[in-house]
Amino acid sequence: MRVLFKYLKDYRKECIIGPLFKCTEAVLELIVPLVMAKIIDVGIPNGDTMYILKTGGEMIGISALGFGCAMICQYMASRASQGFGTQVRNALFKKINTFSDRELDRFGAGSLVTRITNDVNQLQVAVAMTIRLVSRAPFLIIGAVVMAMILDLKLSLVFLIAGPVVALALYLVMSRCVPLYKKIQKKLDRLATVTREELEGVRVVRAFSRQAEEKEKFDAITDDAARASEHVGRISALLNPLTFLVMNLAILAIVWFGGFRVDSGALTQGEIIAFVNYLTQISLALIVVANLVVIFTRAAASASRVSEVLSTDSSVTEKKNGFAQADLSAPAVEFQDVDFSIGAENILSGIRFQIHPGEMFGIIGSTGSGKSTIANLIERFTDATGGEVRVFGHNVKDYSFNEFRSQIGLVPQNAQVFTGTVRENLTMLRSDVTEEQLIAALKTAQAYDFVMERENGLDSVIEQAGRNLSGGQRQRLTIARALVARPRLLILDDSDSALDFATQQKLRTAIRRDLEGITVIVISQRVHSVRWCDQILVLDDGEAVGLGTHGELLRENEVYREICASQLDESEVAANE
């Protein structure tokens with residue numbers, strides 16, 4: 001919780017002024033029953049119309065002033081809560097963008113989305129209610145009891161008996177609701193995750209005619225969340241009836257015993273009405289307290305979840321000073337006995353290779369052999385658990401993130417484009433590129449023709465996740481995006497899997513022709529994509545089992561020969577043996 005307090009420091013003024021005006025409103029509200037008592041005791045018995053109108057005008061004036069105070073408080077609460085929510089969301093988004101793959105996998109995308117939306121909304125409501133009601137409700141309850149004691153100490157004993165009974169009802173109800181609200185938040189996490197999976201995989205679901213089964217799965221999760229909410233709703237629904245029962249019995253007691261006090265001359269009829277009004281104010285204030293408990297219970301669960309993200313440090317950290325500068329005469333990439341594991345599972349073991357500047361280097365292996373993990377280690381999306389990864393003569397840990405990643409162009413396995421124009425997608429790394437540079441990158445990536453065929457060319461709109469593009473078009477755009485910045489090291493992680501063989505051949509030719517001096521790493525499961533590389537690293541179950549040219553590996557490496565035999569014609573294999 002303390003992690004979140006700093007996001008309110010810019011709204012100290014609102015947090016002070018708001019409650020002050022709310023307490024002023026409460027004071028004015030406590031005066032109204034006394035004014036009403038004067039009308040009943042003086043104006044009505046004497047038939048003094050002017051007195052009634054004058055006193056009624058005072059009551060209207062007090063109410064208008066209270067309304068003004070309430071509006072000022074509402075404005076302050078809105079400013080503080082919305083500003084607080086904005087700052088927390090910005091902090092969460094910034095923090096999430098520092099996470100390595102380990103932290104992202106640990107939390108999960110669905111949970112992070114829920115935390116940055118639903119949980120922050122809960123915190124905003126809590127901040128607004130704190131400013132508006134936390135000071136008002138206790139002040140009103142205490143003030144009403146004090147005013148009742150001033151009017152008549154004996155009759156105020158009814159207040160002192162009713163108060164603890166209502167407090168007991170609050171405790172019994174809320175002690176059962178608090179744990180349930182925490183469970184509901186976890187169920188909402190699960191619901192968000194499943195919803196995201198279903199929407200992203202809707203084509204797969206339809207392809208396998210799994211709509212009915214997936215609907216049953218989704219219904220089961222939503223029903224589970226609904227049942228949990230209904231359960232806590234039924235318990236919390238007892239609160240208002242119990243509170244009103246106690247308060248109505250207290251009002252009955254006041255009217256009953258107050259009648260005797262009026263007969264004895266100790267109280268007036270107006271003062272009895274004032275007693276009832278004060279009791280009603282207490283009743284409403286206690287209901288507010290009950291609702292605040294619900295709000296703060298939910299907010300406490302949300303605060304712990306938000307704080308968990310904000311207090312989590314990335315396992316990949318940047319040096320504070322003394323950053324290394326790239327040595328372009330050193331090997332472009334060097335792995336020195338690199339190990340990588342997740343928990344007890346070894347992903348890579350003892351990987352050792354060296355890539356020279358300007359070289360085209362291929363990495364091939366079966367699914368799960370660790371190919372993309374090598375790309376992630378080079379880009380430093382995660383850190384090796386053993387050994388050393390060196391880029392341009394230095395350990396990757398010695399570079400600043402911005403300097404280091406500006407040297408590398410990555411085309412990820414998942415061809416991710418963003419909502420906006422083609423131009424905006426291409427200039428993500430550098431905004432100062434010229435039209436000629438954009439066109440050159442598109443031509444090298446074999447994307448020029450389909451982009452320029454669109455009505456607005458570079459300013460054509462790309463819809464969410466590139467759904468108005470084919471898979472091959474998305475891949476070529478991501479290649480062009482990486483080329484625009486003219487990186488010293490280009491990593492193509494299975495980036496041509498959606499391209500036909502003719503386009504693949506044109507792309508390989510263009511890369512060799514246009515990227516002279518740039519080190520290129522080609523990661524693929526397909527022999528056709530890597531056979532042209534200067535060196536090829538063969539991975540099998542996280543271990544390097546071969547390193548050489550296509551011909552050398554085909555003659556000498558059993559694993560590579562098996563991969564080629566499964567993908568190439570016998571004549572192609574025999575020609576290289």
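A residue counts as buried under 20% relative accessible area, as exposed over 50%, and as partly exposed in between (1.4 Å probe, protein chains only). The model is predicted: local features need pLDDT of at least 70, side-chain atom pairs count only at pLDDT 80 or more, and totals for chains, interfaces and linings use all residues. Residues are numbered from 1 along each chain as its sequence is written, and side-chain values use heavy atoms, with hydrogens and water left out.

**Exercise 1.** Determine whether glycine 18 is buried or exposed, and state which residues glycine 18 is in contact with, leaving aside neighbours within four places in sequence.

*Solution.*
- Step 1: Glycine 18 belongs to helix α2 (residues 12–46); helices are DSSP runs (H or I, at least four residues) and strands are DSSP runs (E, at least two), numbered from the N terminus.
- Step 2: The relative accessible area of glycine 18 is 0%, so this residue is buried.
- Step 3: Once neighbours within four places in sequence are set aside, glycine 18 is in contact with Cys73, Met76 and Ile131, where contact means heavy atoms within 4.5 Å.

**Exercise 2.** Describe how helix α3 and helix α11 pack.

*Solution.*
- Step 1: The axes of α3 (residues 49–96) and α11 (residues 269–310) are 9 Å apart and make an angle of about 40°. Axes are lines fitted to C-alpha atoms, for helices over the stretch in contact, and angles run from 0 to 180 degrees between N-to-C directions.
- Step 2: The two helices, α3 and α11, are therefore oblique to each other; angles under 35 degrees count as roughly parallel, over 145 as roughly antiparallel, 65 to 115 as roughly perpendicular and the rest as oblique.
- Step 3: Val88, Ala91, Leu92, Lys95 and Ile96 of α3 meet Val306, Val309 and Leu310 of α11.

**Exercise 3.** Place strand β3 in its sheet and establish whether both faces of β3 are covered or open.

*Solution.*
- Step 1: The open sheet has 6 strands in the order β6-β9-β10-β3-β11-β12, with mixed pairing; two strands pair if DSSP finds at least two bridges between them.
- Step 2: β3 (residues 360–365) pairs in the parallel sense with β11 (residues 535–540) over 5 bridges, and also in the parallel sense with β10 (residues 519–524) over 5 bridges.
- Step 3: Isoleucine 363 has isoleucine 523 as its bridge partner in β10 and stands opposite leucine 537 in β11.
- Step 4: Met360, Gly362 and Ile364 on one side, and Phe361, Ile363 and Gly365 on the other, are all buried, and both faces are covered.
- Step 5: With 6 of its 6 residues buried, β3 is therefore largely enclosed by the rest of the structure.
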